[in-house]
Amino acid sequence: MIRKPLLAACVAGLLAFTAACGSGEGGGNESGETALTYLVFETPSLDAKFWDDSIAAATAQTPGVKINKIVAPSTDRDGYAKQLQQSGQFPDLLQSITPSNFVGAGLLKPYDKTWIDANFLLPSANSLKGEVYIPPTNSQIVPQVYYNKKLFTDAGISAAPKTWAEFLDACAKLKAKGINPIELGGADPFAASMPLVGIISADILGKNKNWLQNRYADKVKFADQDVVAAVSKYRTLVTSGYFDKGALGVKYADSITRFTTGKSAMYPMGSWFLGSVPKDTADNFGSFPWPTDSGDVVVPFVGGGSMAISAKAKDTAKAEKFGQAWSLNTKNLKALIETDGAFPMIKGKTLEDYGVTVTQVFKDSYAYVGQDNNKVNAIGWATNDDALPPGLNDAFYAAAQALFTKDDVAGEMRKLDDAWKTAVQ
Amino acid sequence: MRKKHSGERGLALLAALALVLYLVFLVLPLLLSLRSSFTNENPLKATNEYIGFANYTEMAGDDQLRASLTFTLILAFGVTVAANVLGVAFAILLNRTSLSYRVMRTVAFLPQVLSGVIVAFVWQTILTQNGLLNTALMKIGILDEPYPWLGSPNAALFSIGVVVTWVMTGFTTVVYLAALQSIPLELHDMASLDGVRGTQRFRKITWPLLAPGTTISVTISLITVLKLYDIITVLTGGGPANSTQSTALYIVKLAFTSDRVGYASAVAMLLLALSAVVALTITSALRRREISL
C-alpha cells in the first residue's frame with residue numbers, strides 16, 4: 001500500500017513541474033530590459049528573416065525592450081491567440097489579428113489617437129467604437145476582379161466590364177471560345193467566398209453603407225429580398241457554367257497558378273493577389289472592381305495594419321512604442337507591398353518613398369484607394385465596427401460553398417441569419 | 001526481504017505517478033469540460049454564467065451538429081467494415097514466415113505509424129483537382145476532365161473514407177495477423193485430415209477463432225474514427241459546405257472560432273457518451289459472439 005507522504009510528494013513534484021513549465025511571468029531580465037512576447041505568422045513572403053529583421057529594426061528604436069517572437073502554427077492568428085488566451089499565455093503584441101474578437105473581453109489596449117491621426121491616411125479604417133487597436137498602415141481591396149488581357153482579346157472583349165450585364169456578356173463570350181471565364185479556389189473556404197463578398201459588398205453595402213450596423217441592430221436580414229436577389233447572381237454564374245465544374249476541389253494556391261498560366265480569364269480575389277502576379281507577364285493582367293448593375297464603382301475596402309497591444313502587456317507604454325516604430329518603418333511596408341500586394345496608407349509617402357518595384361496592374365489597383373469613390377467595408381474582411389461576429393465567417397464561407405451546388409439561396413441566407421443570432425448571443 | 005520491500009516501493013511509486021498523470025491529464029480535464037458544458041463559457045467575454053441544461057437542449061435543434069454526427073457515424077461504420085474486411089484478407093495473405101512477408105507486414109503497418117497530418121497531405125496531392133489521380137485517369141483516357149474527388153460532398157465523403165480505411169487497415173492487419181498466429185496449427189492439420197479445405201476451413205476454423213481479434217480491431221477502429229480530426233482537417237477542412245465536418249472538428253470550431261467553449265464542451269460530452277455507447281454495445285455483442293463460438 002502506498003504511503004500518504006509518498007503520494008503527496010508525487011503530487012507536489014508534479015505540480016511544481018507543471019508550474020515551472022507554465023511560468024510565463026517575469027517580464028524583465030538581468031540587463032533591465034522589458035521582455036515582450038510578439039505573435040507573428042509566417043508565409044512564403046513574410047518569412048522568419050522578414051520578422052527577425054523587422055523586430056531588430058523596431059527594437060533599435062525602442063530602448064529597453066526585448067522581443068520574444070511567437071510564431072503562429074498557421075496563418076490563423078486569431079485562432080492561435082484565442083488558444084494562448086485560454087492557456088493564460090496571451091501575447092503582449094499580436095500581429096494582424098481581428099481586434100473585434102478580443103476587445104469585448106478587454107484584452108487590447110488602444111493606440112494613442114493623436115499619433116494615429118498624425119500618421120495615417122485613413123485613421124479610422126480600423127476603428128472600433130472610436131478606438132484604434134491596430135495602426136492602419138496598409139489596406140486591401142477584397143475582392144477586385146483580375147483579368148487576362150490576351151484571353152479577353154481572344155474572346156473579342158474590347159474593354160473590362162463595368163456593369164453586371166457587360167460582365168455576363170464577357171463570361172458568355174469567353175465560354176463560347178472554350179475559355180473558363182472565372183477561376184475559383186473553392187477548396188479553401190475563404191477563396192470560395194470571394195464572388196459572394198464581391199456581390200454583397202457591391203449590391204448591398206454599395207447601396208447602404210450601414211447595412212452591417214443595421215444587421216447588428218436586427219433591422220435587416222440576409223434573408224431579405226434584396227440580399228437574396230443579389231446572391232442569386234452567384235447562382236447565375238454557377239448555373240451558366242462560368243466556373244470550372246470542379247472548382248470546389250481547387251486549392252487556393254492552385255487557383256493562382258491556374259489563373260496566372262492562362263487556364264481562366266478572370267479571378268476575383270483580394271488585392272494580395274498582386275504579390276503573385278508573374279513579373280515577366282505582368283502587363284498581360286488588368287483589374288476592375290466587382291461590377292454593379294448601374295456600372296457605379298463600389299470598392300470593397302479593408303483597412304489592414306500592423307500589431308495590436310495586449311491590455312495586460314508587461315509594459316504597455318513600451319509595447320506601444322515598439323508597435324509605433326514597427327508600423328512606421330517603410331522597410332516593413334516595402335516587403336508587404338511587393339510580396340503581399342498591400343496598399344500603403346502612411347501619410348505623406350508615395351510609392352517611391354518605399355523604394356518598391358511594382359507592376360502596372362498594382363498601380364492601377366492602388367489608384368482606387370486614392371480616388372474619391374464609394375468605399376465600403378468588405379463583408380467578412382472588415383476589422384472595424386463592421387467586422388462579422390465571431391464564427392460567422394465560417395457560416396458565410398459554408399454558404400458560399402453550398403451555393404455552388406444548391407439552388408436554395410433563400411434557405412442558405414436564412415441559415416446565415418440563424419448563425420448570426422447564435423453568434424451575437 | 002529488504003530488496004522485496006524496495007521493489008514494491010518502486011512499483012508503488014510508478015503506479016502512483018501513472019495514477020496522478022491519469023487524474024491530472026484525463027479525469028480532471030474531463031470534469032472541467034463537464035462543468036463547462038453547463039455554462040455559457042466564452043474565453044473572450046468577461047463573465048461566464050451557469051446556464052443549466054441550455055447547451056444540451058440547444059443541441060436538439062442544431063442542424064450542423066446533426067450533420068456532423070451523421071457524417072461521423074457513416075464514416076465510422078463504413079471505415080470499420082472496410083478496414084476489418086481488408087485487414088482479415090491481408091492478414092491471411094501475409095501469414096507466412098519468410099523474410100519477404102515480414103517486410104510486407106512492415107509495409108502494411110506503415111500508414112498506421114505515419115502522422116495523420118502527413119498522411120492527409122500525401123493524399124491531398126493525389127486527390128486534389130490537378131492531383132496525381134486525375135492526371136493519371138485523364139492520361140489513360142478514363143476521364144475527360146478532372147473529377148472533384150474532394151470538391152463535392154459525396155465524393156469527398158468517399159475519398160476521406162478511402163484514406164482513413166488505408167490508415168486503419170495497417171492496424172487491423174496486424175491485429176488479425178496476431179490472432180491468426182495464435183490459432184493452434186494442430187487444428188488446421190486435423191481439419192486437413194478431415195478433408196476440410198479452402199473457404200470451408202476459413203468459415204469453420206479460422207473465422208470463429210479470430211473472434212477475440214475481431215472484438216479488439218472493430219472496437220478500436222470505431223473509436224478512432226468517431227474522434228477523427230487531423231486527417232479531415234487537412235484533407236477538406238470539413239468542406240465543401242461543412243459536408244465532411246466530423247463532430248470532433250465541429251467541437252474545435254465551436255470552441256476556437258465561434259468562442260463558444262461552453263457549448264463545445266456540451267457537444268464533446270455528447271461525443272464521449274456516443275462513443276461509449278457505441279463501443280460498449282459493439283464490444284458486448286462481439287464478446288457474446290466470442291462465447292457462443
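**Exercise 1. Find the helix that gives the most to the lining of the second largest pocket, then describe that pocket.**

Start with the winner: α17(A) puts seven residues into the lining of the second largest pocket, more than any other contributor. Keep in mind as you go that this is a predicted model.

Next, look at who else joins in. From chain A, α16 (392-402) and α17 (409-424) each supply at least two lining residues, and from chain B so do α3 (63-94), α7 (153-181) and α12 (247-256).

Now zoom in on the middle. Of the 40 lining residues, those nearest the pocket centre are A:Lys415, B:Asp62, B:Asp63, B:Gln64 and B:Asn242.

Finally, take stock of volume and chemistry. The pocket's volume is about 1100 Å³, and its lining splits into 18 nonpolar, 12 polar and 10 charged residues.

**Exercise 2. Locate the largest cavity and sort the residues that line it.**

First, ask how many cavities of 30 Å³ or more there are in the whole structure. The search turns up one. The largest cavity has a volume of about 50 Å³.

Then list the wall: A:Leu274, A:Lys279, A:Ile337, A:Glu338, A:Thr357, A:Val358, A:Thr359 and A:Phe362. Sorting that lining gives four nonpolar, two polar and two charged residues.

**Exercise 3. Decide whether A:Val220 is buried or exposed, and work out its surroundings.**

Step one is the address: A:Val220 sits in the loop that links α10 (211-216) and α11 (225-239) of chain A.

Step two is the accessibility. The relative accessible area of A:Val220 is 13%. The cut-off for buried is under 20%, so A:Val220 counts as buried.

Step three is the company. Leaving out residues up to four places away in sequence, A:Val220 touches A:Trp211, A:Asn214 and A:Arg215. There's also a long-range relation to check: A:Asp417 is 197 residues away from A:Val220 along the chain, yet their C-alpha atoms are separated by 9.8 Å.

**Exercise 4. Trace the pairing around β6(A) and say why this strand is largely enclosed.**

Begin with the partners. β6 (residues 144-148) of chain A pairs with β9(A) in the antiparallel sense over five bridges. β6(A) also pairs with β8 (residues 264-269) of chain A, again antiparallel, over four bridges.

Now pin down some individual bridges. A:Gln144 has A:Pro289 as its bridge partner in β9(A), while A:Asn148 has A:Phe285. Toward β8(A), A:Val145 is matched with A:Pro268.

Next, check burial in β6(A). Five of its five residues are buried, so the strand is largely enclosed by the rest of the structure. Go face by face and you find A:Gln144, A:Tyr146 and A:Asn148 buried on one side, with A:Val145 and A:Tyr147 buried on the other.

Last, run the check on β9 (residues 285-289) of chain A. Five of its five residues are buried too, so β9(A) is largely enclosed as well. One of its faces carries A:Phe285, A:Ser287 and A:Pro289, the other A:Gly286 and A:Phe288, and both faces are covered.

**Exercise 5. Put the four strands of the open sheet in chain A in order, and explain what sets its edge strands apart.**

The order is β12-β5-β10-β13, and the pairing is mixed. β12 (343-344) and β13 (374-377) stand at the edges with a single partner strand each, so each has one side without a neighbour in the sheet.

For a look at one pair, take β5 (residues 138-141) and β10 (residues 298-303) of chain A, which run antiparallel over three bridges. Within that pair, A:Ile141 bridges to A:Phe301 in β10(A).

**Exercise 6. Compare the UniProt features of chain B with the helix content of the model.**

First, the record. An unreviewed UniProt entry places "transmembrane region" features in chain B at residues 12-32, 69-94, 106-126, 155-180, 207-229 and 263-286. From an unreviewed entry too comes the feature "domain: ABC transmembrane type-1" at residues 69-282 of chain B.

Then the model. Residues 207-229 of chain B are 83% helix and 0% strand, with end C-alpha atoms 33 Å apart. Residues 263-286 of chain B come out at 100% helix and 0% strand, and there the ends are 34 Å apart. Over residues 69-282 of chain B, you get 77% helix and 0% strand, with the end C-alpha atoms 18 Å apart.

Note on methods: Residues numbered from 1 in each chain as written. Chains lettered and ligands numbered in written order. Predicted model: local features only at pLDDT ≥ 70, side-chain atom pairs only at ≥ 80, totals over all residues. Heavy atoms only, no water. 1 Å grid on protein atoms, 1.4 Å probe; cavity = no way out; pocket = protein on both sides within 12 Å on 5 of 7 lines; lining within 4 Å. Points joined across faces, edges and corners; volume = space filled by probe spheres on them. Nonpolar A, V, L, I, M, F, W, Y, C, P; charged D, E, K, R; others polar. UniProt positions renumbered as here; feature names shortened; annotations may be inferred. Pairing = 2+ DSSP bridges. Buried < 20%, exposed > 50% of the residue type's maximum accessible area, 1.4 Å probe, protein only. Contact = heavy atoms within 4.5 Å.
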